[in-house]
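I opened my notebook to look up a few things in this structure, one entry at a time. Come along and check each one with me.

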Amino acid sequence: MSSYRDLDIYKLSYDLAIKLHKMSLKLPKYEMYEEGSQIRRSSKGITSCIVEGYGRKKYKAEFVKFLIYAQASCDETILHLNFINDTHVFKDDEVKPLLEAYGELGRKINRFIKYVENEWK
């Protein structure tokens, strides 16, 4: 692996952040700077933490620390998606697939953390 761009968790988090950003722009105007801003920042924070951690990959503990931050941002994104799902009307095919995809991303990040902790040189 020669770049963070080779990581599956990077690719998935980036694609999901773009999809979520577009979906969040459909929120009512009064939510654009409240829930909309929060969810856009948390979703993009996942990708940012993966990239920053990879940049510190020489130091395993630093890499793991940033992957844990990415995991926490993923959990936060899921929370905001649940808030949006429970307080706004979206088509079923907009929020539910994102919730499922972020759940899968969280599991992948968790597996990658274990890999880095146990196998990373």
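**Entry 1: Thr-77.** I started with Thr-77 and found it in helix H3. A reminder to myself: this is a predicted model. Is Thr-77 buried or exposed? Thr-77 counts as buried, because its relative accessibility is 0%. Next I looked up how Thr-77 sits relative to Leu-20. The two are 57 residues apart in sequence, yet their C-alpha atoms are 9.5 Å apart in space.

**Entry 2: helix H1.** Leu-20 is one of the buried residues of H1, so I turned to that helix next. H1 covers residues 8-24, which makes 17 residues. From its first C-alpha to its last it reaches 24 Å, close to the 24 Å expected at 1.5 Å a residue.

Which residues of H1 are buried? I noted Ile-9, Tyr-10, Ser-13, Leu-16, Ala-17, Leu-20, Met-23 and Ser-24. Looking down the axis of H1, I see that these buried residues fall within an arc of 155°, so they line one face of the helix. A general rule helps me here: an α-helix has 3.6 residues a turn, so residues three or four places apart point the same way. On the face of H1 turned away from the buried side I found the exposed residues Asp-8, Lys-19 and Lys-22.

**Entry 3: how the helices pack.** I then checked H1 against helix H2, which spans residues 35-55. Their axes are 9 Å apart, and the packing angle is about 165°. That angle is over 145 degrees, so H1 is roughly antiparallel to H2. The crossing of this pair is left-handed.

H2 also meets H3, the helix of residues 60-87. Here the axes come within 8 Å and cross at roughly 160°, which means that H2 is roughly antiparallel to H3. H2 passes H3 in a left-handed crossing too.

**Entry 4: cysteines.** How many disulfides does a search of the whole structure find? The search finds zero. Cys-49 is in no disulfide, and the nearest cysteine sulfur, that of Cys-74, is 11 Å away. Why is there no bond from Cys-74? Its sulfur is 11 Å from the closest cysteine sulfur, in Cys-49, and that is too far for a bond. For my own memory: a disulfide is a covalent bond between the sulfur atoms of two cysteines.

I also looked up whether these cysteines are buried or exposed. Cys-49 counts as buried at 14% relative accessibility, because the cut-off is under 20%. Cys-74 is buried as well, with a relative accessible area of 0%.

Conventions: Residues are numbered from 1 along each chain as its sequence is written. This is a predicted model: local features need pLDDT of at least 70, side-chain atom pairs count only at pLDDT 80 or more; totals for chains, interfaces and linings use all residues. Side-chain values use heavy atoms; hydrogens and water are left out. A disulfide is a pair of cysteine sulfur atoms within 2.5 Å. Buried means under 20% relative accessible area, exposed over 50%, partly exposed in between (1.4 Å probe, protein chains only). Helices (H or I, at least four residues) and strands (E, at least two) are DSSP runs, numbered from the N terminus. The expected span of a helix is 1.5 Å times one less than its number of residues. The arc is that of the directions from the helix axis to the C-beta atoms. Axes are lines fitted to C-alpha atoms, for helices over the stretch in contact, and angles run from 0 to 180 degrees between N-to-C directions. Angles under 35 degrees count as roughly parallel, over 145 as roughly antiparallel, 65 to 115 as roughly perpendicular and the rest as oblique. A crossing is left-handed if the near helix is turned anticlockwise from the far one by less than a right angle, and right-handed if clockwise.
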